[in-house]
Structures are given as C-alpha cells and as structure tokens.
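Hi,

Here is the structure I promised to pass on. Have a look at it first, and my notes on what turned up follow below.

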There are 2 protein chains.
Amino acid sequence: MPEQENRYREKLLERGLKVTRQRLALLAALNQSDTPLTAEELFMRLRKDFATLSLSTIYRTLDTLCGKQMVARSVLMDGGRAMFEMTPEVHCHNLICTVCHRIVPIQDCPLGAYEDSIARTTGYKISGHKLEVYGICPQCRNNFKPRE
Amino acid sequence: MPEQENRYREKLLERGLKVTRQRLALLAALNQSDTPLTAEELFMRLRKDFATLSLSTIYRTLDTLCGKQMVARSVLMDGGRAMFEMTPEVHCHNLICTVCHRIVPIQDCPLGAYEDSIARTTGYKISGHKLEVYGICPQCRNNFKPRE
DNA sequence: GTCTTTGCAAATCATTTGCATGGAA
DNA sequence: TTCCATGCAAATGATTTGCAAAGAC
C-alpha cells in the first residue's frame with residue numbers, strides 16, 4: 001500500500017522529521033492494528049522486517065510522533081505498560097472487553113453537551129476528554145454463560 | 001476522627017483483612033486527600049507516623065485494598081506512576097486542569113443512556129466506564145490571559 | 001499459636017539515556 | 001556534508017518478590 005506510505009512520508013516531512021524505514025514501518029503497524037499497542041508489541045511486529053531493530057528506537061519514535069500529533073498515547077495502561085495508537089481522525093472512544101481484553105472503537109460520543117454544561121458550572125475552559133467503556137463482549141458472554 | 005477509623009476497621013474485617021496501623025493510616029491519608037495519590041506520595045505522608053515504614057508495604061497494601069474494592073486505581077497515570085484514591089461511594093468523574101494539574105470531582109454523569117445504547121448496538125454487557133475531562137481552570141485562565 | 005502483614009534487600013519490568021555509527025536531506 | 005536517527009549497552013525509576021521477624025486474632 002504505497003499510497004498510505006506516501007501520506008506518512010509527507011506528514012513526517014511537514015513536521016520536520018526524517019523519513020526512515022523504521023518510522024514508516026511503525027506507522028503502518030499502528031495503522032493496521034485495530035487496538036492500541038504497547039512498545040513491546042510494536043517491537044515484536046517490526047522485528048520481523050528489521051533484524052537489528054532496537055526497542056529504544058521504538059520508544060524514541062513513539063515519543064517523537066506523539067509530540068507531532070501523529071500518534072496518540074492511549075489512556076489505557078495495560079498493567080503499567082503504555083499503549084499507543086494512530087491519532088484518530090474522528091473523535092471516538094474505546095469499548096474494552098473485561099474478559100478477553102479486546103478493544104473496539106465506538107464512534108458515537110454524547111459528551112459535547114456535557115462539556116458545555118461543565119464549562120458553565122465550573123468556569124473551566126474545557127479542552128477535551130477521555131472515555132473508556134468496559135463490558136463483556138458477546139463471545140465471552142457465550143463462553144461463560146451458566147447452563148440453565 | 002476515631003469514627004472514621006472504626007468504619008475502616010469494620011470494612012477491613014468484613015473482607016477478612018487484619019487491621020493494622022499502616023492500613024488505617026493509608027486509608028485515612030487517601031481519604032483526606034482531595035486528589036488521587038501515587039504510592040510515593042502516600043509513603044511520604046505516612047512516613048511521618050511510621051519511622052520504619054517500607055514502600056513495599058504501601059504497594060502491597062494498595063494492591064490488597066484495590067482487590068477488596070476499598071481503594072481504586074485511578075485512570076490517571078502521572079507520567080508512568082499509578083495513582084490511587086478511595087473508591088468513590090457516588091459515581092463521579094474527574095475534571096483535570098491541564099495547566100496546574102489540579103483535579104476536581106464532578107458528580108453529574110450523562111453516560112447511563114449512552115451505555116444502554118452501546119449495549120444494544122454492540123451486544124456487549126456493559127459493566128462501567130471511566131471518564132476524564134480536561135480543561136483549564138479559572139485561575140490558570142486568569143494567569144495566562146493575554147492583555148487586551 | 002497460627003497465619004497474615006511488615007520491613008528490608010534484592011530482583012524485575014518498563015522506559016530512558018549516553019555515545020558512537022549509520023543514514024536522510 | 002550536516003545533522004538527525006538508530007543500535008547497543010548501561011542507567012533509571014516504578015513496582016514486585018523472597019524471606020525472616022513482628023503483629024493481629
């Protein structure tokens with residue numbers, strides 16, 4: 001998918017960053033994943049293509065890309081490990097299964113009016129929010145359903 | 001405030017935990033704080049009363065109390081450090097100033113209906129959610145207000 | 001007295017940093 | 001050629017664990 005790659009190339013250059021194979025691969029990996037990933041997970045995925053890849057490169061790249069708003073540090077913390085995802089173009093939230101830990105995005109967000117009302121009552125200038133919803137996904141519900 | 005202490009005493013016993021001075025002190029410290037605290041912060045506060053207190057006791061106690069739902073691990077992560085707070089009796093969320101990092105609780109929560117609708121569209125059994133709202137508090141807005 | 005909790009020290013895990021080399025512009 | 005980016009190894013910082021002593025019931 002070289003179109004996608006060219007978009008990343010442009011975005012990197014726009015932000016004064018050099019285009020490297022590692023950065024392109026990291027962006028592609030994050031983009032292909034449907035859930036946020038830890039540095040370690042990214043490392044394992046990229047290592048297939050980069051025999052000499054270093055974990056610290058992953059950390060540094062994530063840090064750089066977060067600073068340039070190309071990647072977002074997720075609210076989620078998988079037991080002390082930071083998780084990362086592409087900065088979503090559209091505002092959305094994550095729905096997390098508490099059993100299998102699968103994460104799916106949900107588009108609908110009801111918080112605009114809520115933010116307005118908080119701004120009014122507290123005097124804060126609201127800049128945004130983070131929301132996660134927890135539950136049990138249909139598959140896990142079936143697996144653990146008590147017999148009747 | 002021995003009334004409060006007796007409530008903690010009961011709660012610990014109910015859950016099959018022994019009542020120790022460290023646990024009571026930790027609960028009191030968390031309860032007195034108006035913002036979530038890190039293990040380190042708790043350690044520094046308790047050390048005043050316990051010369052020989054160990055950081056690992058803090059971690060272990062927090063872990064135990066989280067398991068028993070007496071303490072909650074906050075969504076917030078102050079740069080990699082976990083934060084803890086008393087499990088709120090009433091459902092509420094945190095409003096966080098992005099400048100001074102002050103955290104204030106907000107009671108009002110509009111997500112009940114939202115959870116219902118997600119449950120309907122996704123088939124998940126929703127168990128809860130975490131929400132943080134970010135903004136700039138009135139004081140910080142004044143401090144940084146550009147002159148006109 | 002028994003079993004849990006604590007303190008201390010050492011271990012572990014995620015993340016960061018220093019420095020020399022390699023690579024993009 | 002000029003820096004920025006990378007790899008490697010070592011350092012750091014938060015959290016966890018093993019073990020023996022102290023404390024709660």
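**DNA strand C**

Let me start with one contact: an N or O atom in the side chain of B:Gln22 sits 3.0 Å from a sugar or linking oxygen of DNA strand C. Before you read anything into that number, bear in mind that this is a predicted model.

B:Gln22 has company around this strand. In total, 22 residues surround DNA strand C, and the closest are A:Tyr59, A:Ala82, B:Thr20, B:Arg23 and B:Thr57. Of the atoms of DNA strand C that come within 4 Å of the protein, sugar and phosphate account for 70%. Two of those closest residues also turn up with a phosphate oxygen of the strand. For A:Ala82, a polar backbone atom is 2.7 Å from a phosphate oxygen of DNA strand C. For B:Thr20, the N or O atom is in the side chain, and the distance to a phosphate oxygen of DNA strand C is 2.8 Å.

Which elements supply at least two residues each of the surface near DNA strand C? From chain A they are H4 and strand E3 (81-86), and from chain B helix H2 (21-32) and H4. By residue type, that surface divides into seven nonpolar, nine polar and six charged.

**DNA strand D**

Now for DNA strand D, which is surrounded by 22 residues, with A:Thr20, A:Arg23, A:Thr57, B:Tyr59 and B:Ala82 the closest. Here sugar and phosphate make up 70% of the strand's atoms that come within 4 Å of the protein.

A few contacts to look at:

- B:Tyr59: an N or O atom of its side chain is 2.3 Å from a phosphate oxygen of DNA strand D.
- A:Gln22: a polar side-chain atom lies 3.0 Å from a sugar or linking oxygen of DNA strand D.
- A:Ser54: a backbone N or O atom lies 3.3 Å from a phosphate oxygen of DNA strand D.

On the element level, helix H2 (21-32) and helix H4 (55-67) of chain A, together with helix H4 (55-67) and strand E3 (81-86) of chain B, give two or more residues to the surface near DNA strand D. The residues of that surface come out as seven nonpolar, nine polar and six charged.

**Salt bridges**

Away from the DNA, I went through the charged pairs. Side chains of opposite charge can pair when their charged atoms come close. How many salt bridges are there over all chains? The count comes to six, and here are three pairs to look up.

One pair is A:Arg9 with A:Glu5, at 2.9 Å from N to O. Both residues lie in helix H1 (residues 2-14) of chain A, four residues apart, which is about one turn of the helix. A:Arg9 is partly exposed at a relative accessible area of 32%, and A:Glu5 is partly exposed at 33%.

Another is A:Glu14 with A:Arg15, where the N to O distance is 3.7 Å. A:Glu14 is exposed, with a relative accessible area of 58%, while A:Arg15 is partly exposed at 23%.

Then there is B:Arg73 with B:Asp63, at 3.3 Å from N to O. This pair links distant parts of the chain: B:Arg73 is in strand E2 (residues 71-78) of chain B and B:Asp63 is in helix H4 of chain B, ten residues apart. B:Arg73 counts as partly exposed, at 41% relative accessibility.

**B:Tyr114 and the cysteines**

Is B:Tyr114 buried or exposed? B:Tyr114 has a relative accessible area of 5%, so it is buried, the cut-off being under 20%. You will find B:Tyr114 in helix H5 (residues 111-122) of chain B. Leaving aside neighbours within four places in sequence, B:Tyr114 is in contact with A:His93, A:Ile106, A:Asp108, A:Cys109, A:Pro110, A:Leu131 and A:Val133. If you want a distance to check your numbering against, B:Tyr114 and B:Asn142 are 28 residues apart in sequence and 35 Å apart in space, C-alpha to C-alpha.

Lastly, the cysteines. The disulfide count over all chains is zero. A:Cys66 counts as buried at 15% relative accessibility, and B:Cys66 is buried with a relative accessible area of 15%.

Cheers

How values were computed. Residues numbered from 1 in each chain as written. Chains lettered and ligands numbered in written order. Predicted model: local features only at pLDDT ≥ 70, side-chain atom pairs only at ≥ 80, totals over all residues. Heavy atoms only, no water. Disulfide = S-S within 2.5 Å. Buried < 20%, exposed > 50% of the residue type's maximum accessible area, 1.4 Å probe, protein only. Near = heavy atom within 4 Å. Polar contact = N/O pair within 3.5 Å; in protein donor to acceptor, adjacent residues only side chain to side chain. Nonpolar A, V, L, I, M, F, W, Y, C, P; charged D, E, K, R; others polar. Contact = heavy atoms within 4.5 Å. Salt bridge = Lys/Arg side-chain N within 4 Å of Asp/Glu carboxyl O.
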